[in-house]
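Here is a walk through one protein chain, taken a piece at a time. Keep the model open and turn it as you read.

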Amino acid sequence: MKATVMFGAGDVRIEDVSDAMIVEPTDALIRVTRACICGSDLHPYHQLERSETGTRMGHEAIGVVEDVGSKVTKIKKDDLVVMPFAYSDGTCEFCQKGLNTACVHVGFFGSGMEGVGGAQAEAVRVPQADGTLFKLPVGEDDALMPSLLTLSDVMGTGHHAAVVAGVGPGKSVAVVGDGAVGLCGVIAAKRLGAEQIIIMGRHDDRIALAKEFGATDVVSERGEEAVERVRGLTGGFGAHSVLECVGYAQAMETAIGIARPGGAVGRVGVPQDETIPASLPAFFGNVTVGGGPAPVRAYIEELLPDVLEGRIEPGRVLDRTVGLDGVPDGYRAMDDREAIKVMVRP
Ligand SMILES: [Zn+2]
């Protein structure tokens, strides 16, 4: 089968690899009908160390179940399913609390983990199929496919940032980052009843989309100037809730700088540093800093009705579609900010 392999920074290739197959009795095998390239895939695209074997890429997918292992009972052959970026058993104490990304059996697709494939491929093996996969009540070419696909990561991730940051009715919210997750964070903040939603970014097309999603204010400055602008827009004190959707130190520094005393930062951008900056402002402002890999599997049930009934349209962040052969150029297009997020149709 064909699959996306990254051999080093900037070196993405479509390779012939051995077919994905059932290994454990709890596995399913899915034929990928939709996948995408994630902003977090750009981190290895910038800095992955070169290797002979490379890393299978892709962690977001919708697909059709081709086969299941002998211990899989809920997921059946021919089901159309959404595959969250992490697999989880659905039964351990963390899964039961809705924190599937801390599952005792957790693993992450397209991350280089031994024996785990990627979704930017014709097929993928899904460990812990019963706990991981979610059956969709639509056909494989449904018009809602782009929005349904975002439930595998970016919509659930934006929602997680909003939940951790304590977004609710009447709250002021600032979203750091205008990538797909930040834009989904705007959708989530609006959906949870935020009164004011400040998008922080500087790309015209993304800002226009953020406004359509519910952003009330735009801050394009960076650093100290950005902090002052947000304070000015929020009565001088900063935002109740800040969604950090980037992962770089400067983004976190800004996020803490624009949180009001007693406010919260929900961080979902994969951190590129070992330490969290702005420790002193966070301490003296009693700012809660939380977040991590979103338990998107736990959020699908809550978000799916809004997608099916058209109340939210997160699929609009997918502004380019490619076949598998177009994946390497898709990485380039996202890295060059030509595309917000690229959908893949293997
Ligand atoms: Zn679990």
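A crossover is right-handed if, with the strands pointing away from you, the path from the first strand over the helix to the second runs clockwise. That idea comes up three times below, so keep it handy; also bear in mind that this is a predicted model.

## Two domains and where they touch

The protein splits into domain 1 (2-153 + 295-344) and domain 2 (155-291). Between the C-alpha centres of domain 1 and domain 2 there are 26 Å. At the contact, 18 residues of domain 1 meet 17 residues of domain 2. On the domain 1 side, helix α11 (residues 296-308) gives the most, with four residues. Sorted by class, that side of domain 1 has nine nonpolar, four polar and five charged residues.

The UniProt record, an unreviewed entry, adds two annotations. It places "domain: Alcohol dehydrogenase-like N-terminal" at residues 25-137, and "domain: Alcohol dehydrogenase-like C-terminal" at residues 180-289. In the model, residues 25-137 are 12% helix and 30% strand, with the end C-alpha atoms 25 Å apart. Residues 180-289 come out at 44% helix and 23% strand, and there the end C-alpha atoms are 22 Å apart.

## Strand β11 and its partners

Is strand β11 buried or exposed? Five of the five residues in β11 (residues 172-176) are buried, so the strand is largely enclosed by the rest of the structure. In a regular strand, side chains alternate between the two faces of the sheet. For β11, both faces are covered: S172, A174 and V176 are buried on one side, and V173 and V175 are buried on the other.

β11 pairs in the parallel sense with strand β12 (residues 196-200) over five bridges, and V175 sits opposite I199 of β12. β11 also runs parallel to strand β14 (residues 239-244), joined by four bridges; here V175 has L243 as its bridge partner. Put helix α6 (residues 180-191) between β11 and β12 and you get a right-handed β-α-β unit.

## From β14 on to β16

Follow β14 and you reach strand β15 (residues 259-267). Five bridges join β14 and β15, again in parallel, with S241 opposite A264 of β15. Helix α9 (residues 249-257) goes with β14 and β15 to make a right-handed β-α-β unit. Seven of the nine residues of β15 are buried, so this strand is largely enclosed by the rest of the structure.

The next step has a similar ring to it. β15 runs parallel to strand β16 (residues 288-291), with four bridges between them, and G266 has G290 of β16 as its bridge partner. With helix α10 (residues 279-284), β15 and β16 form a right-handed β-α-β unit.

## A sheet at the start of the chain

Now back to the N-terminal end. Three strands form an open sheet in the order β2-β1-β4, with antiparallel pairing. β2 (11-16) and β4 (55-56) stand at the edges, each with a single partner strand, so one side of each is left without a neighbour in the sheet. Strand β1 (residues 2-8) is joined to β2 by six antiparallel bridges, and M6 faces V12 of β2.

## Loop residues to look at

V116 is in the loop between β8 (107-108) and β9 (123-126). Why does V116 count as partly exposed? V116 has 18 C-beta neighbours inside 10 Å, and a residue needs 20 or more to be called buried, or 12 or fewer to be called exposed. Setting aside neighbours within four places in sequence, V116 is in contact with G107 and F109. V116 and V138 are 22 residues apart in sequence, and their C-alpha atoms are 27 Å apart in space.

Two other loop residues have a positive phi without being glycine. Q128 has a phi of about 50° and lies in the loop between β9 and α3 (129-132). N286 has a phi near 50° and lies in the loop between α10 and β16. Their surroundings are worth a look too: Q128 counts as buried because it has 24 C-beta neighbours inside 10 Å, whereas N286, with 12, counts as exposed.

Technical notes: Residues are numbered from 1 along each chain as its sequence is written. This is a predicted model: local features need pLDDT of at least 70, side-chain atom pairs count only at pLDDT 80 or more; totals for chains, interfaces and linings use all residues. UniProt positions are given in the numbering used here, feature names are shortened, and annotations may be inferred rather than shown by experiment. Two strands pair if DSSP finds at least two bridges between them. Domain bounds come from an automatic or database domain assignment. Two residues are in contact if their C-beta atoms, placed from the backbone, lie within 7 Å. Ala, Val, Leu, Ile, Met, Phe, Trp, Tyr, Cys and Pro count as nonpolar, Asp, Glu, Lys and Arg as charged, and the others, Gly among them, as polar.
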